[in-house]
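I opened this model to look up the ligand site and a few residues along the chain. My notes follow in the order I took them.

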Amino acid sequence: MAEETIFSKIIRKEIPTELLYQDDLVTAFRDIHPRTPTHILIVPNVLIPTVNDVEPEHEAALGRMFTVARKLAAKEGINDDGYRLIVNCNRHGGQEVYHIHMHLVGGQPLGAMLAR
Ligand code: AMP
């Protein structure tokens, strides 16, 4: 059994957050340390620790993360200029919270994809 993270508490609304969206499969809320004017996290309600743990049964939730990203980007008014969706995995990916999540970042030019 994977260990719960703070994101499970956010999904269950046990701790305060700026909740932007929730349905039966996913939850979206603002990142507590925003790196860009828009920085939203979209997470599956079920605990999947990393991309390495993804199974076919998770495809509905993972697909929903993209449709929610599209809607939230439009709501934030950043869809025309563009934005970036990021999923970090494990140490080399820079993952800090072991509950899979998609970062939706934008609101400014984001520059090169990877720092050198
Ligand atoms: P990652 O490095 O991909 O695991 O990103 C984890 C993200 O979760 C970081 O950008 C954190 O700022 C964010 N984060 C951690 N705790 C919270 C929280 N309680 N509410 C919102 N965002 C959080």
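Helices here are DSSP runs of H or I with at least four residues, and strands are runs of E with at least two, numbered from the N terminus. By that rule I place Gly-63 in helix α2. The model is a predicted one.

**Entry 1: helix α2**

I looked up Gly-63 first. Gly-63 counts as partly exposed because its relative accessibility is 34%, and the class runs between 20% and 50%. I then took its separation from Val-26: the two are 37 residues apart in sequence, and their C-alpha atoms are 9.9 Å apart in space.

I went on to Glu-76, which also belongs to helix α2, residues 59–76. The relative accessible area of Glu-76 is 27%, so I enter Glu-76 as partly exposed. Thr-38 is 38 residues from Glu-76 along the chain, and I find 7.4 Å between the two C-alpha atoms.

**Entry 2: the ligand and its shell**

Which residues come nearest to the ligand? I count 17 residues around the ligand, and the nearest are Asp-31, Arg-35, Glu-96, His-101 and His-103. By class, I note seven nonpolar, six polar and four charged residues in this shell.

I listed three polar contacts to oxygen atoms of the ligand. A backbone N or O atom of Gly-94 is 2.9 Å from a ligand oxygen. For Glu-96, a backbone N or O atom is 2.6 Å from a ligand oxygen. His-103 uses its side chain: a polar atom there is 2.8 Å from an oxygen of the ligand. On its own the ligand has 510 Å² of accessible area, and the protein covers 90% of that.

Where does the ligand sit? I find the ligand in the largest pocket. Two elements give two or more residues to the shell, namely α1 (6–11) and β2 (26–30). The largest share comes from α1, with three residues.

**Entry 3: Asp-31**

I returned to Asp-31, one of the residues that come nearest to the ligand. Asp-31 is in the loop between β2 and β3, the latter being residues 38–44. Is Asp-31 buried or exposed? Its relative accessibility is 12%, and I enter Asp-31 as buried because that is under the 20% limit. I also found a polar atom of the Asp-31 side chain 2.8 Å from the backbone nitrogen of His-33.

**Entry 4: Arg-30**

I looked at Arg-30 in strand β2. With a relative accessible area of 25%, Arg-30 is partly exposed. I took its separation from Phe-7 as well: the two are 23 residues apart along the chain, with 12 Å between their C-alpha atoms.

**Entry 5: positive phi values**

I noted two residues with positive phi that are not glycine. For Lys-13, phi is about 60°. Lys-13 is in the loop between α1 and β1, the strand of residues 19–22. Its relative accessibility is 55%, so Lys-13 counts as exposed, the limit being over 50%.

For Asn-90, phi is near 60°. I place Asn-90 in helix α3, which spans residues 90–93. At 28% relative accessibility, I enter Asn-90 as partly exposed. Val-51 is 39 residues from Asn-90 in sequence, and their C-alpha atoms are 8.7 Å apart in space.

**Entry 6: recap**

For the ligand, I keep the largest pocket and the 90% cover by the protein. For the residues, I keep Asp-31 as buried, Lys-13 as exposed, and Asn-90 as partly exposed.

How values were computed. Residues numbered from 1 in each chain as written. Predicted model: local features only at pLDDT ≥ 70, side-chain atom pairs only at ≥ 80, totals over all residues. Heavy atoms only, no water. Near = heavy atom within 4 Å. Polar contact = N/O pair within 3.5 Å; in protein donor to acceptor, adjacent residues only side chain to side chain. Areas by Shrake-Rupley, 256 points an atom, 1.4 Å probe, with all protein chains shown as cover. 1 Å grid on protein atoms, 1.4 Å probe; cavity = no way out; pocket = protein on both sides within 12 Å on 5 of 7 lines; lining within 4 Å. Sits in = over half its atoms within 2 Å of the grid points. Nonpolar A, V, L, I, M, F, W, Y, C, P; charged D, E, K, R; others polar. Buried < 20%, exposed > 50% of the residue type's maximum accessible area, 1.4 Å probe, protein only.
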